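Visitor: I am new to this structure and should like to be guided through it. May we begin once it is in view?

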Amino acid sequence: MKNIVLTGIKPTGQIHLGNYIGAIKPALKLAENDEDQAAYFIADYHGLTKIHDRETFRTLTYGVAATWLALGLDPEKVIFYRQSNVPEIFELNWILACFTPKGLMNRAHAYKGIVDSNKLAGKDIDDGVNMGLFSYPILMAADILAFQANMVPVGKDQIQHVEIARDIAESFNHQYGETFVLPEYIVDDDTSILPGLDGRKMSKSYHNTIPLFEEPTKLQKLINKIKTDSLPPEAPKETETSILFTLYKEFASVEETEEMRKRYENGVGWGEVKKELFYVMNRFLEEPRKKYNELMANPEQIDAILAKGAEKARARTLPTLEEVRKQLGVSR
């Protein structure tokens with residue numbers, strides 16, 4: 001039986017280059033492996049922890065789906081679905097919550113980060129915290145365990161979520177016997193932590209992102225805003241510490257990357273590098289951008305694809321939930 005590899009993206013903002021390079025690009029590589037069954041989902045209900053505007057929520061959800069499809073995800077080859085279309089996940093969420101110590105949620109990184117920020121600001125420690133945000137690691141565990149996922153590709157800052165899913169699964173298994181597969185996380189050590197316009201990690205929180213499907217004129221302007229040092233053009237430059245080179249190598253060919261590396265060693269102006277960066281990025285994104293815009297203009301096409309994916313997803317999650325219900329004594 002094939003291993004299940006599960007990946008989800010939360011629709012809380014426009015997909016940016018950091019999302020693509022850190023999560024989408026490596027996940028698409030995994031889909032090329034015929035030995036495993038890849039499952040990709042839009043984690044729309046996770047987005048409710050932050051987004052409460054109907055049109056924003058709807059647009060961002062379609063945006064994540066359109067991004068995957070525009071970048072080449074084949075819904076016939078993988079299981080591609082919207083989280084909210086799979087009700088078994090949400091029943092399992094409640095069941096798992098009853099096996100999760102509150103102390104485990106107190107130690108979740110996202111919640112601890114908000115608590116620490118509130119303390120520094122002199123606010124109540126739970127200011128701005130809703131119960132969805134507090135307990136969303138349990139819903140994430142339900143996403144993983146409902147599928148009996150063997151492997152979950154994550155960034156280094158997401159490892160804890162898979163560990164929490166394992167802890168909850170082990171608690172249930174200890175009580176009722178081996179019911180859940182214990183998931184393992186996959187971290188791609190070769191994946192860059194992508195710097196944003198200001199040199200910090202590219203993040204919506206820092207307002208330093210470059211939207212993935214930005215139209216060419218705006219893309220050029222954003223690239224021109226990327227922070228650089230004051231070295232003169234003729235000075236040799238380090239590739240390892242250059243935001244521009246980090247981006248360039250993700251979109252250029254091997255030959256182009258090596259040529260740019262030599263130009264860094266011999267001296268090149270930042271304006272010239274930015275011009276070349278725009279060229280390779282726009283070349284790569286031209287067709288996906290076109291497909292993305294076509295899909296966003298036809299949401300019913302996305303709905304049809306996701307509905308088929310939900311059928312395939314439920315073929316896996318329903319047997320899991322039935323087994324859990326039987327172990328609990330809810331059904332025979």
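**A helix and its surroundings**

Guide: In this predicted model, Thr257, Met260 and Tyr264 of α11 are buried.

Visitor: On which side of α11 do the buried residues lie, the same side or opposite sides?

Guide: In an α-helix there are 3.6 residues a turn, so residues three or four places apart point the same way. Thr257, Met260 and Tyr264 cover an arc of only 65 degrees around the axis of α11, which means that they lie on the same side.

Visitor: Which residues are exposed on the other side of α11, and which elements do its buried residues pack against?

Guide: The other side of α11 carries the exposed residues Glu255, Glu265 and Asn266. The buried residues, by contrast, pack against α10 and α12.

Visitor: How far apart are the end C-alpha atoms of α11?

Guide: α11 has 13 residues, and at 1.5 Å a residue these should span 18 Å. The computed distance agrees with this, since the end C-alpha atoms are apart by 19 Å.

Visitor: Which element gives the largest share of the largest nonpolar core?

Guide: The largest nonpolar core has 54 residues, and Ile226 and Leu277 are among those with the most contacts inside it. Elements that give two or more residues to this core include α10, α11 and α12. The largest share, 9 residues, comes from α12.

Visitor: Which residue is the bridge partner of Phe41 in β3?

Guide: β2 and β3 pair in the parallel sense over 4 bridges. Both faces of β3 are covered, with Ile79 and Tyr81 buried on one side and Phe80 and Arg82 buried on the other. Within β3, the bridge partner of Phe41 is Tyr81.

Notes. Residues are numbered from 1 along each chain as its sequence is written. This is a predicted model: local features need pLDDT of at least 70, side-chain atom pairs count only at pLDDT 80 or more; totals for chains, interfaces and linings use all residues. Side-chain values use heavy atoms; hydrogens and water are left out. A nonpolar core is a set of buried Ala, Val, Leu, Ile, Met, Phe, Trp, Tyr and Cys residues joined through side-chain atoms within 4.5 Å. Buried means under 20% relative accessible area, exposed over 50%, partly exposed in between (1.4 Å probe, protein chains only). Two strands pair if DSSP finds at least two bridges between them. The expected span of a helix is 1.5 Å times one less than its number of residues. The arc is that of the directions from the helix axis to the C-beta atoms. Contact means heavy atoms within 4.5 Å.
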